[in-house]
Amino acid sequence: MTLATRIIPTLLVRGRQLVKGKQFNSWRSVGDALQAMKIHQARGVDEIIYLDIAATPEGRGPDLKMVELMTRDCFCPITVGGGVRSVSDVQDLLNAGADKVAIKTAAYQNYHLVRDLADKFGSQAIVVAVDYIEAEAPWPIAMNFEDQGAGEILLTCVDREGTMRGYDLSNVEEVVAYLDIPVIAHGGCSGYEDMCNAIQAGASAVAAGALFQFTDCTPRGAADYLSERGIEVRR
């Protein structure tokens, strides 16, 4: 049975501000994160990815109060990341309302962390963010995290993040070929066609931030576009 493709808005947050960056730099405020969450919730999206981009640079853990506010009236699955360093951080986030937790820096620094998290909470709750530049081959890193117990990979091309130049399809296709777990294509989406291309390259889900913030594109519009092209999506 083929699972339906997910269309996932990404919220990059600093404090309570929604931010926009380019290639993981030049972060600027573009609105209120809670308001953005409410808009997506009202649209009935499949899932939301919420990333606190300030937590790790500031040397702190997740902002649990903010997560509680974000998830209180949210009735779709939400993946939360930023500042996650330990089993207790993940437990706190799940208690605060997160459905899944995304980790990155700590997964690279602590070889056993992903396995410990998967053993305690189940692989389905653990998303590992793999950020890479186009000159790199991300599949060995992604494959390693799958072996450790990750349930999903959030695959972000740093060179394309925030640029709306389209997903890095060659690396999406290569990573998918090596993995058995779902891969979320992220970074550079400029429209519905890019989503279609990433799904045809094998992605199980497509995530976008700037596309839904600065254009007329919506998750529902994406679902309609993909459905018209024979791709099963959630409604």
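## Who lines the largest pocket

Five elements each put at least two residues into the lining of the largest pocket: strands E4 (48-52), E6 (100-103), E7 (126-132) and E8, plus helix H4 (105-109). H4 chips in the most, with three residues. Keep in mind that this is a predicted model.

In total, 28 residues line the largest pocket. Looking for the ones nearest its centre? Those are Asp52, Ile53, Thr56, Gly82 and Lys104. The space inside comes to about 550 Å³. As for chemistry, the lining is a mix of 13 nonpolar, nine polar and six charged residues.

## Strand E9 and its neighbours

E8, which also helps line the largest pocket, spans residues 152-157 and pairs with E9 in the parallel sense over four bridges. On the other hand, E9 also pairs with strand E10 (residues 205-208), again parallel, this time over three bridges.

His186 is a handy residue to find in the viewer. It sits opposite Thr156 of E8, and its bridge partner in E10 is Ala207.

## How the chain gets across

Helix H7 (residues 169-178) joins E8 and E9 in a right-handed β-α-β unit. From E9, the chain then goes through helix H8 (residues 192-200) to reach E10, and this β-α-β crossover is right-handed too.

## Both faces of E9

Is E9, at residues 183-186, buried or exposed on its two faces? Both are covered: Val183 and Ala185 are buried on one side, and Ile184 and His186 are buried on the other. So to speak of His186 once more, this buried residue is the one that has Ala207 as its bridge partner in E10.

Definitions and conventions. Residues numbered from 1 in each chain as written. Predicted model: local features only at pLDDT ≥ 70, side-chain atom pairs only at ≥ 80, totals over all residues. Heavy atoms only, no water. Buried < 20%, exposed > 50% of the residue type's maximum accessible area, 1.4 Å probe, protein only. Pairing = 2+ DSSP bridges. Right-handed = clockwise from strand over helix to strand, strands pointing away. 1 Å grid on protein atoms, 1.4 Å probe; cavity = no way out; pocket = protein on both sides within 12 Å on 5 of 7 lines; lining within 4 Å. Points joined across faces, edges and corners; volume = space filled by probe spheres on them. Nonpolar A, V, L, I, M, F, W, Y, C, P; charged D, E, K, R; others polar.
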